[in-house]
Amino acid sequence: MTRVFILGIFSSLFLGGFCYWLAAAPSSIAPVPEQMTAARMAELQKVIRPCEGEDAFDKIAWLTTIHEARVKAAKEGKPILLWEMDGHPLGCG
Amino acid sequence: MGRVSTFADPAVLKMTRADFVPVCTDDWYTRRRKDSEGDFFRKVADQSPRKGLNGGTRQGIYVFTADGELLGYKNHGGDAEVMKKVFLDAKAKFDKLPESRRKPSGVTVPAAGKPDANFNRILPEDGIVLKVHGRILEAKAETFVKGTCDFTGGDQASRDYCWITADEKKSLIPPKAEVGFCYALPEKIAQRLARFHLIDNTRGEPEFWKKEHVVANKITLTVTAVKDDAIELRLDGEVKLEAGPKLGFEPKLRGNLRYIPSKKAFDQFDIVALGDYRGETTYTPGSREGRKPFGISIGLADLTKPSERIAPQGIRDRDPYLGRD
(Lines give C-alpha, C1' and ligand atoms only; values in the text may rest on other atoms or scores of the structure.)
Protein backbone atom coordinates (compact mmCIF):
# COMPACT_ATOMS: atom_id res chain seq x y z
CA MET A 1 0.00 0.00 0.00
CA THR A 2 2.82 2.38 1.01
CA ARG A 3 4.69 1.43 -2.18
CA VAL A 4 1.63 2.34 -4.32
CA PHE A 5 1.30 5.66 -2.44
CA ILE A 6 4.95 6.63 -3.01
CA LEU A 7 4.72 5.62 -6.67
CA GLY A 8 1.63 7.83 -6.99
CA ILE A 9 3.48 10.82 -5.53
CA PHE A 10 6.44 10.32 -7.91
CA SER A 11 4.11 9.88 -10.89
CA SER A 12 2.25 13.09 -10.03
CA LEU A 13 5.51 15.02 -9.63
CA PHE A 14 6.84 13.69 -12.94
CA LEU A 15 3.58 14.44 -14.79
CA GLY A 16 3.37 17.92 -13.24
CA GLY A 17 6.97 18.66 -14.18
CA PHE A 18 6.44 17.44 -17.73
CA CYS A 19 3.33 19.61 -18.14
CA TYR A 20 5.22 22.63 -16.77
CA TRP A 21 8.11 22.04 -19.22
CA LEU A 22 5.66 21.64 -22.08
CA ALA A 23 3.94 24.91 -21.25
CA ALA A 24 7.23 26.79 -20.87
CA ALA A 25 8.91 25.28 -23.93
CA PRO A 26 9.34 27.57 -26.92
CA SER A 27 7.11 26.96 -29.92
CA SER A 28 8.73 25.01 -32.72
CA ILE A 29 10.13 26.57 -35.86
CA ALA A 30 7.29 27.67 -38.09
CA PRO A 31 6.51 24.93 -40.61
CA VAL A 32 7.77 26.48 -43.79
CA PRO A 33 6.62 24.49 -46.78
CA GLU A 34 9.39 22.70 -48.63
CA GLN A 35 7.85 23.38 -52.01
CA MET A 36 6.81 27.01 -52.36
CA THR A 37 4.39 26.99 -55.24
CA ALA A 38 3.38 30.24 -56.89
CA ALA A 39 -0.04 29.91 -55.24
CA ARG A 40 1.44 29.33 -51.78
CA MET A 41 3.83 32.25 -52.24
CA ALA A 42 0.97 34.53 -53.30
CA GLU A 43 -1.09 33.43 -50.29
CA LEU A 44 1.72 34.26 -47.84
CA GLN A 45 2.51 37.55 -49.54
CA LYS A 46 -1.14 38.51 -49.22
CA VAL A 47 -1.12 37.79 -45.48
CA ILE A 48 2.13 39.69 -44.85
CA ARG A 49 1.70 42.74 -47.08
CA PRO A 50 -0.59 45.63 -46.07
CA CYS A 51 -4.22 44.79 -46.66
CA GLU A 52 -6.85 47.13 -48.10
CA GLY A 53 -7.34 50.08 -45.78
CA GLU A 54 -4.31 49.30 -43.60
CA ASP A 55 -2.06 51.90 -45.20
CA ALA A 56 -4.63 54.67 -45.61
CA PHE A 57 -1.83 57.26 -45.42
CA ASP A 58 -0.50 55.75 -48.65
CA LYS A 59 -3.46 57.32 -50.47
CA ILE A 60 -1.71 60.64 -49.93
CA ALA A 61 0.72 61.60 -52.72
CA TRP A 62 3.61 62.36 -50.35
CA LEU A 63 6.60 64.15 -51.78
CA THR A 64 9.96 63.27 -50.30
CA THR A 65 11.99 66.49 -50.41
CA ILE A 66 11.10 69.85 -48.92
CA HIS A 67 12.35 71.61 -52.04
CA GLU A 68 9.92 69.71 -54.29
CA ALA A 69 7.12 70.56 -51.86
CA ARG A 70 8.06 74.25 -51.88
CA VAL A 71 8.00 74.37 -55.69
CA LYS A 72 4.60 72.65 -55.83
CA ALA A 73 3.14 74.72 -52.99
CA ALA A 74 4.27 77.97 -54.60
CA LYS A 75 2.83 76.92 -57.96
CA GLU A 76 -0.53 75.83 -56.51
CA GLY A 77 -0.85 78.49 -53.82
CA LYS A 78 -1.07 76.04 -50.91
CA PRO A 79 0.66 75.61 -47.55
CA ILE A 80 3.05 72.70 -46.99
CA LEU A 81 2.37 69.92 -44.50
CA LEU A 82 5.64 68.30 -43.43
CA TRP A 83 5.62 65.01 -41.53
CA GLU A 84 9.10 64.84 -40.02
CA MET A 85 10.13 61.75 -38.11
CA ASP A 86 13.36 60.25 -36.84
CA GLY A 87 13.15 57.32 -39.24
CA HIS A 88 11.33 57.95 -42.51
CA PRO A 89 7.56 58.04 -41.93
CA LEU A 90 7.04 56.04 -45.13
CA GLY A 91 9.69 53.45 -44.54
CA CYS A 92 10.88 52.77 -41.04
CA GLY A 93 8.64 50.08 -39.76
CA MET B 1 2.87 55.20 -35.07
CA GLY B 2 1.39 58.46 -36.39
CA ARG B 3 0.45 56.96 -39.69
CA VAL B 4 -1.72 54.36 -37.97
CA SER B 5 -3.86 56.87 -36.14
CA THR B 6 -3.72 60.38 -37.59
CA PHE B 7 -3.42 59.82 -41.30
CA ALA B 8 -5.88 56.92 -41.26
CA ASP B 9 -8.58 59.33 -40.12
CA PRO B 10 -10.83 60.07 -43.15
CA ALA B 11 -11.18 63.78 -42.35
CA VAL B 12 -7.40 64.25 -41.89
CA LEU B 13 -6.78 62.28 -45.07
CA LYS B 14 -9.18 64.44 -47.05
CA MET B 15 -7.79 67.69 -45.62
CA THR B 16 -4.18 66.65 -46.25
CA ARG B 17 -4.89 65.84 -49.88
CA ALA B 18 -7.06 68.85 -50.65
CA ASP B 19 -5.62 71.76 -48.67
CA PHE B 20 -1.89 71.09 -48.36
CA VAL B 21 1.17 69.91 -50.26
CA PRO B 22 2.19 66.86 -48.22
CA VAL B 23 5.83 65.89 -47.76
CA CYS B 24 7.66 63.44 -45.48
CA THR B 25 11.34 63.37 -44.63
CA ASP B 26 13.59 61.49 -42.26
CA ASP B 27 14.66 63.91 -39.53
CA TRP B 28 17.89 62.00 -38.94
CA TYR B 29 19.09 63.33 -42.33
CA THR B 30 17.18 66.60 -42.66
CA ARG B 31 18.20 68.17 -39.39
CA ARG B 32 21.87 67.42 -40.13
CA ARG B 33 22.00 68.48 -43.77
CA LYS B 34 24.38 71.33 -44.54
CA ASP B 35 22.69 72.42 -47.74
CA SER B 36 19.69 74.47 -48.89
CA GLU B 37 17.25 71.69 -47.90
CA GLY B 38 18.63 71.55 -44.34
CA ASP B 39 19.01 75.32 -44.01
CA PHE B 40 15.40 75.91 -45.03
CA PHE B 41 14.10 73.20 -42.69
CA ARG B 42 16.03 74.59 -39.71
CA LYS B 43 14.72 78.08 -40.51
CA VAL B 44 11.15 76.74 -40.29
CA ALA B 45 11.76 74.48 -37.28
CA ASP B 46 13.44 77.32 -35.34
CA GLN B 47 10.05 79.08 -35.32
CA SER B 48 8.55 76.08 -33.47
CA PRO B 49 9.26 74.84 -29.93
CA ARG B 50 11.44 72.14 -31.55
CA LYS B 51 14.81 73.91 -31.57
CA GLY B 52 16.85 70.73 -31.90
CA LEU B 53 19.21 71.69 -29.08
CA ASN B 54 22.64 70.08 -29.31
CA GLY B 55 21.70 68.51 -32.63
CA GLY B 56 18.72 66.70 -31.10
CA THR B 57 15.56 65.59 -32.84
CA ARG B 58 13.26 68.04 -34.57
CA GLN B 59 10.59 65.51 -35.44
CA GLY B 60 6.97 66.55 -35.59
CA ILE B 61 4.30 67.72 -37.99
CA TYR B 62 4.85 71.20 -39.40
CA VAL B 63 2.67 73.42 -41.57
CA PHE B 64 4.43 76.31 -43.31
CA THR B 65 4.47 78.46 -46.42
CA ALA B 66 6.64 77.95 -49.48
CA ASP B 67 8.75 80.93 -48.36
CA GLY B 68 9.26 79.52 -44.87
CA GLU B 69 6.75 80.99 -42.42
CA LEU B 70 5.59 78.47 -39.81
CA LEU B 71 1.80 78.26 -39.58
CA GLY B 72 1.37 75.30 -37.23
CA TYR B 73 3.28 72.62 -35.36
CA LYS B 74 2.56 69.53 -33.25
CA ASN B 75 5.25 67.24 -31.89
CA HIS B 76 3.47 64.07 -33.02
CA GLY B 77 0.26 62.98 -34.63
CA GLY B 78 -1.09 60.57 -32.07
CA ASP B 79 -4.54 62.13 -31.80
CA ALA B 80 -6.46 62.75 -35.01
CA GLU B 81 -8.80 65.29 -33.37
CA VAL B 82 -5.87 67.37 -32.13
CA MET B 83 -4.22 67.22 -35.54
CA LYS B 84 -7.42 68.29 -37.28
CA LYS B 85 -7.46 71.43 -35.15
CA VAL B 86 -3.77 72.15 -35.84
CA PHE B 87 -4.38 71.80 -39.58
CA LEU B 88 -7.54 73.96 -39.54
CA ASP B 89 -5.81 76.71 -37.54
CA ALA B 90 -2.80 76.62 -39.86
CA LYS B 91 -5.01 76.80 -42.93
CA ALA B 92 -6.88 79.74 -41.43
CA LYS B 93 -3.54 81.55 -40.88
CA PHE B 94 -2.54 80.83 -44.47
CA ASP B 95 -5.84 82.23 -45.75
CA LYS B 96 -5.15 85.50 -43.90
CA LEU B 97 -1.77 86.02 -45.60
CA PRO B 98 -1.55 88.75 -48.25
CA GLU B 99 -2.91 87.61 -51.60
CA SER B 100 0.53 88.05 -53.16
CA ARG B 101 1.97 85.26 -50.94
CA ARG B 102 -0.80 82.72 -51.35
CA LYS B 103 -1.90 83.07 -54.98
CA PRO B 104 -0.62 80.37 -57.38
CA SER B 105 2.92 81.25 -58.49
CA GLY B 106 2.95 84.18 -56.07
CA VAL B 107 6.15 82.99 -54.38
CA THR B 108 9.43 82.29 -56.16
CA VAL B 109 11.38 79.30 -54.86
CA PRO B 110 15.14 79.36 -55.59
CA ALA B 111 16.69 76.34 -57.26
CA ALA B 112 17.88 73.57 -54.97
CA GLY B 113 21.59 73.81 -54.29
CA LYS B 114 24.10 70.98 -54.26
CA PRO B 115 22.93 68.33 -51.76
CA ASP B 116 25.05 67.48 -48.72
CA ALA B 117 26.60 64.17 -49.77
CA ASN B 118 26.99 63.05 -46.16
CA PHE B 119 23.27 63.19 -45.49
CA ASN B 120 21.73 62.45 -48.85
CA ARG B 121 21.25 58.92 -50.14
CA ILE B 122 20.95 58.46 -53.90
CA LEU B 123 18.84 55.75 -55.49
CA PRO B 124 21.15 53.18 -57.14
CA GLU B 125 21.19 53.92 -60.85
CA ASP B 126 20.36 50.82 -62.90
CA GLY B 127 20.16 48.78 -59.71
CA ILE B 128 17.20 47.07 -58.03
CA VAL B 129 14.86 48.55 -55.45
CA LEU B 130 12.83 46.15 -53.37
CA LYS B 131 9.92 46.84 -51.07
CA VAL B 132 10.08 44.89 -47.83
CA HIS B 133 7.13 44.21 -45.55
CA GLY B 134 7.19 42.37 -42.23
CA ARG B 135 4.29 41.14 -40.11
CA ILE B 136 3.67 39.18 -36.94
CA LEU B 137 1.85 35.96 -37.76
CA GLU B 138 0.03 33.13 -36.06
CA ALA B 139 -0.01 29.54 -37.26
CA LYS B 140 -3.49 28.30 -38.03
CA ALA B 141 -4.14 24.80 -39.34
CA GLU B 142 -1.50 24.40 -42.05
CA THR B 143 -1.10 28.03 -42.89
CA PHE B 144 -0.49 31.42 -41.31
CA VAL B 145 -2.82 34.28 -40.50
CA LYS B 146 -2.16 37.83 -39.31
CA GLY B 147 -1.00 37.85 -35.71
CA THR B 148 -2.35 39.92 -32.86
CA CYS B 149 -0.53 41.79 -30.08
CA ASP B 150 -1.13 44.38 -27.37
CA PHE B 151 1.13 47.02 -28.94
CA THR B 152 -0.93 49.63 -30.84
CA GLY B 153 -0.27 49.14 -34.54
CA GLY B 154 2.07 46.21 -33.86
CA ASP B 155 -0.21 43.88 -35.82
CA GLN B 156 0.18 45.97 -38.97
CA ALA B 157 2.63 45.36 -41.79
CA SER B 158 5.94 47.21 -41.52
CA ARG B 159 7.67 48.64 -44.56
CA ASP B 160 11.16 49.38 -45.68
CA TYR B 161 13.16 49.34 -48.91
CA CYS B 162 16.19 47.34 -49.97
CA TRP B 163 18.68 48.73 -52.47
CA ILE B 164 20.84 46.59 -54.73
CA THR B 165 23.50 48.38 -56.79
CA ALA B 166 24.04 47.93 -60.53
CA ASP B 167 27.19 45.85 -59.95
CA GLU B 168 25.38 43.68 -57.43
CA LYS B 169 22.54 43.18 -59.91
CA LYS B 170 25.05 41.85 -62.45
CA SER B 171 26.35 39.42 -59.85
CA LEU B 172 22.85 37.93 -59.53
CA ILE B 173 22.72 36.80 -63.16
CA PRO B 174 23.43 33.05 -63.41
CA PRO B 175 26.89 32.35 -64.85
CA LYS B 176 25.36 29.32 -66.59
CA ALA B 177 21.87 29.56 -68.09
CA GLU B 178 21.11 25.88 -67.64
CA VAL B 179 18.12 24.40 -65.84
CA GLY B 180 19.19 22.98 -62.50
CA PHE B 181 22.32 25.12 -62.21
CA CYS B 182 22.60 26.20 -58.59
CA TYR B 183 24.79 28.96 -57.14
CA ALA B 184 25.10 30.96 -53.97
CA LEU B 185 23.34 34.29 -53.63
CA PRO B 186 26.21 36.82 -53.81
CA GLU B 187 27.67 37.41 -50.35
CA LYS B 188 27.01 41.16 -50.16
CA ILE B 189 23.33 40.73 -51.01
CA ALA B 190 22.92 37.75 -48.68
CA GLN B 191 24.50 39.69 -45.80
CA ARG B 192 22.39 42.78 -46.53
CA LEU B 193 19.18 40.75 -46.54
CA ALA B 194 20.08 39.01 -43.31
CA ARG B 195 21.42 41.94 -41.31
CA PHE B 196 19.16 44.78 -42.44
CA HIS B 197 15.98 43.24 -43.79
CA LEU B 198 15.27 40.08 -41.78
CA ILE B 199 14.20 42.21 -38.84
CA ASP B 200 11.05 42.81 -36.84
CA ASN B 201 10.38 46.51 -37.40
CA THR B 202 6.65 46.32 -36.71
CA ARG B 203 6.91 48.31 -33.48
CA GLY B 204 9.43 50.95 -34.57
CA GLU B 205 13.12 51.11 -35.39
CA PRO B 206 15.03 48.00 -34.27
CA GLU B 207 18.76 47.71 -33.93
CA PHE B 208 20.15 45.88 -36.93
CA TRP B 209 21.92 42.55 -36.69
CA LYS B 210 25.68 42.83 -36.41
CA LYS B 211 28.03 40.64 -38.45
CA GLU B 212 28.61 38.36 -35.48
CA HIS B 213 24.87 37.84 -35.02
CA VAL B 214 24.65 36.06 -38.39
CA VAL B 215 25.16 32.48 -37.22
CA ALA B 216 24.06 30.87 -40.49
CA ASN B 217 23.23 32.38 -43.86
CA LYS B 218 22.87 29.94 -46.71
CA ILE B 219 20.89 31.28 -49.64
CA THR B 220 21.03 29.78 -53.12
CA LEU B 221 19.60 30.49 -56.55
CA THR B 222 18.64 27.68 -58.92
CA VAL B 223 17.81 28.09 -62.58
CA THR B 224 14.32 26.63 -63.08
CA ALA B 225 13.59 27.67 -66.66
CA VAL B 226 15.46 29.12 -69.61
CA LYS B 227 13.16 30.73 -72.14
CA ASP B 228 13.76 32.86 -75.24
CA ASP B 229 13.16 36.05 -73.30
CA ALA B 230 13.66 35.13 -69.66
CA ILE B 231 15.64 33.13 -67.13
CA GLU B 232 13.61 31.97 -64.15
CA LEU B 233 15.25 31.33 -60.80
CA ARG B 234 14.19 29.83 -57.50
CA LEU B 235 15.66 31.15 -54.27
CA ASP B 236 16.06 28.89 -51.24
CA GLY B 237 17.59 29.83 -47.95
CA GLU B 238 18.03 29.20 -44.27
CA VAL B 239 19.23 31.95 -42.01
CA LYS B 240 19.94 31.95 -38.30
CA LEU B 241 20.31 35.27 -36.52
CA GLU B 242 21.12 35.38 -32.85
CA ALA B 243 22.02 38.24 -30.50
CA GLY B 244 21.99 36.32 -27.24
CA PRO B 245 19.43 33.93 -25.79
CA LYS B 246 16.61 36.47 -25.81
CA LEU B 247 16.88 37.84 -29.34
CA GLY B 248 16.89 35.82 -32.51
CA PHE B 249 15.22 34.94 -35.80
CA GLU B 250 15.49 31.69 -37.72
CA PRO B 251 13.72 32.10 -41.03
CA LYS B 252 13.58 29.92 -44.09
CA LEU B 253 13.42 31.75 -47.39
CA ARG B 254 11.75 30.88 -50.65
CA GLY B 255 11.61 33.06 -53.72
CA ASN B 256 10.93 33.34 -57.41
CA LEU B 257 13.01 35.67 -59.59
CA ARG B 258 12.86 36.32 -63.31
CA TYR B 259 15.62 37.95 -65.32
CA ILE B 260 14.95 39.48 -68.74
CA PRO B 261 18.29 39.50 -70.64
CA SER B 262 17.08 41.88 -73.37
CA LYS B 263 16.23 44.50 -70.74
CA LYS B 264 19.08 43.60 -68.40
CA ALA B 265 16.48 43.74 -65.65
CA PHE B 266 14.56 41.59 -63.20
CA ASP B 267 10.81 41.84 -63.67
CA GLN B 268 10.08 39.52 -60.74
CA PHE B 269 11.86 39.43 -57.39
CA ASP B 270 9.49 37.82 -54.91
CA ILE B 271 10.85 36.41 -51.68
CA VAL B 272 9.06 35.23 -48.56
CA ALA B 273 10.88 34.63 -45.27
CA LEU B 274 9.12 32.72 -42.49
CA GLY B 275 10.35 31.69 -39.12
CA ASP B 276 10.14 32.09 -35.37
CA TYR B 277 11.21 35.46 -33.95
CA ARG B 278 12.00 36.11 -30.34
CA GLY B 279 12.79 39.28 -28.45
CA GLU B 280 12.97 43.01 -28.96
CA THR B 281 15.53 45.85 -29.00
CA THR B 282 15.72 49.21 -27.18
CA TYR B 283 13.23 51.06 -29.37
CA THR B 284 10.93 48.16 -30.20
CA PRO B 285 9.39 47.17 -26.87
CA GLY B 286 6.12 45.27 -26.62
CA SER B 287 7.10 42.09 -28.46
CA ARG B 288 5.07 38.93 -27.94
CA GLU B 289 6.27 36.44 -25.35
CA GLY B 290 8.58 33.66 -26.51
CA ARG B 291 9.19 32.52 -30.06
CA LYS B 292 6.43 33.51 -32.43
CA PRO B 293 5.98 33.23 -36.21
CA PHE B 294 7.09 36.24 -38.21
CA GLY B 295 6.87 36.75 -41.94
CA ILE B 296 8.69 38.99 -44.40
CA SER B 297 7.59 39.60 -47.96
CA ILE B 298 9.93 41.17 -50.51
CA GLY B 299 9.03 42.34 -54.00
CA LEU B 300 9.96 44.95 -56.60
CA ALA B 301 9.16 48.53 -55.64
CA ASP B 302 7.11 50.80 -57.87
CA LEU B 303 9.60 53.55 -58.70
CA THR B 304 6.98 55.70 -60.37
CA LYS B 305 5.89 56.61 -56.82
CA PRO B 306 8.22 59.08 -55.03
CA SER B 307 7.32 57.35 -51.76
CA GLU B 308 8.95 54.12 -53.00
CA ARG B 309 12.21 55.84 -53.87
CA ILE B 310 13.14 56.60 -50.27
CA ALA B 311 16.32 55.22 -48.76
CA PRO B 312 16.42 51.99 -46.78
CA GLN B 313 16.45 52.53 -43.04
CA GLY B 314 19.70 50.58 -42.77
CA ILE B 315 21.66 52.76 -45.19
CA ARG B 316 22.08 55.63 -42.71
CA ASP B 317 25.35 53.95 -41.93
CA ARG B 318 26.49 53.34 -45.50
CA ASP B 319 29.51 51.09 -45.07
CA PRO B 320 27.82 48.22 -43.19
CA TYR B 321 24.77 48.36 -45.46
CA LEU B 322 26.88 48.23 -48.61
CA GLY B 323 29.08 45.48 -47.17
CA ARG B 324 32.14 47.66 -46.77
CA ASP B 325 32.60 47.09 -43.01
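**Entry 1: chain B, overall**

I began with the division of chain B, which falls into domain 1 (2–119) and domain 2 (128–321). I note at the outset that this is a predicted model, and I read every entry below with that in mind. Taken over C-alpha atoms, the centres of domain 1 of chain B and domain 2 of chain B are separated by 33 Å. I then looked up the extent of the chain, and found that the C-alpha trace of chain B spans about 70 × 50 × 35 Å along its principal axes. For secondary structure I recorded nine helices and twelve strands in chain B. Of the 325 residues in chain B, 39% are buried. I also checked the contacts in chain B with a separation of 6 or more, and 60% of them come from residues 24 or more positions apart.

**Entry 2: chain A, overall**

Turning to chain A, I found three helices and one strand, with the elements running α-α-α-β from the N terminus on. Buried residues account for 31% of the 93 residues in chain A.

**Entry 3: where the chains touch**

I looked up the contact between the chains next, and found 51 residues of chain A in contact with 82 residues of chain B. On the side of chain A that touches chain B, α2 (38–48), α3 (66–76) and β1 (80–85) each supply at least two residues. Which of the elements gives the most to that side? I found that α3(A) does, with ten residues. By residue class, the side of chain A that touches chain B divides into 30 nonpolar, ten polar and eleven charged residues.

**Entry 4: a sheet built from both chains**

I followed β1(A) into chain B and arrived at an open sheet of four strands, in the order β1(B)-β1(A)-β2(B)-β3(B), with mixed pairing. The edge strands are β1 and β3 (70–74) of chain B, each of which pairs on one side only. Neighbouring strands of this sheet are turned by 20 degrees against each other on average, with direction ignored.

I reminded myself that strands of a sheet pair through backbone hydrogen bonds, either parallel or antiparallel, and went through the pairings one by one.

- β1(A) and strand β1 (residues 21–26) of chain B run parallel and are joined by six bridges; here I noted Met85(A) opposite Asp26(B).
- β1(A) pairs with strand β2 (residues 60–64) of chain B in the antiparallel sense, over five bridges; in this pairing Ile80(A) stands opposite Phe64(B).
- β2(B) and β3(B) are antiparallel as well, with four bridges between them, and the bridge partner of Phe64(B) in β3(B) is Leu70(B).

I looked at the connection between β2(B) and β3(B) too: the two strands form a hairpin with five residues between them, and Gly68(B) in the turn has a positive phi of about 100 degrees. As for cover, four of the five residues of β3(B) are buried.

**Entry 5: the nonpolar core**

I went on to the largest nonpolar core, which has 82 residues, and asked which of them touch the most other members. They are Ile80(A), Val21(B), Val23(B), Tyr62(B), Val63(B) and Leu198(B). The element that gives the most to this core is strand β11 (residues 265–278) of chain B, with seven residues. Domain 1 (2–119) and domain 2 (128–321) of chain B both give residues to this core, so it lies between them.

Ile80(A) seemed worth following up. Leaving out residues up to four places away in sequence, I found that Ile80(A) touches Ala69(A), Arg70(A) and Ala73(A) in its own chain, and residues of chain B including Val21(B), Val23(B), Val63(B) and Phe64(B).

**Entry 6: a helix and a hairpin of chain B**

I checked helix α8 (residues 187–197) of chain B, and found it mostly covered, with eight of its eleven residues buried. The buried residues of α8(B) include Arg192(B), Arg195(B) and His197(B) alongside Leu193(B) and Phe196(B). Among the elements that cover the buried residues of α8(B) are β4 (128–140), β6 (158–164), β8 (214–226), β9 (231–242) and α9 (318–321) of chain B.

From there I followed β4(B), which pairs with strand β5 (residues 143–146) of chain B in the antiparallel sense over four bridges. Leu137(B) stands opposite Lys146(B) in β5(B). The hairpin of β4(B) and β5(B) has two residues between the strands, and Ala141(B) takes a positive phi near 50 degrees.

Conventions
Residues are numbered from 1 along each chain as its sequence is written. Chains are lettered from A and ligands numbered from 1 in the order in which they are written. This is a predicted model: local features need pLDDT of at least 70, side-chain atom pairs count only at pLDDT 80 or more; totals for chains, interfaces and linings use all residues. Two residues are in contact if their C-beta atoms, placed from the backbone, lie within 7 Å. Ala, Val, Leu, Ile, Met, Phe, Trp, Tyr, Cys and Pro count as nonpolar, Asp, Glu, Lys and Arg as charged, and the others, Gly among them, as polar. Two strands pair if DSSP finds at least two bridges between them. Axes are lines fitted to C-alpha atoms, for helices over the stretch in contact, and angles run from 0 to 180 degrees between N-to-C directions. A residue is buried if 20 or more other C-beta atoms lie within 10 Å of its own, exposed if 12 or fewer, and partly exposed in between; C-beta atoms are placed from the backbone. Domain bounds come from an automatic or database domain assignment. A nonpolar core is a set of buried Ala, Val, Leu, Ile, Met, Phe, Trp, Tyr and Cys residues joined through C-beta atoms within 7 Å.
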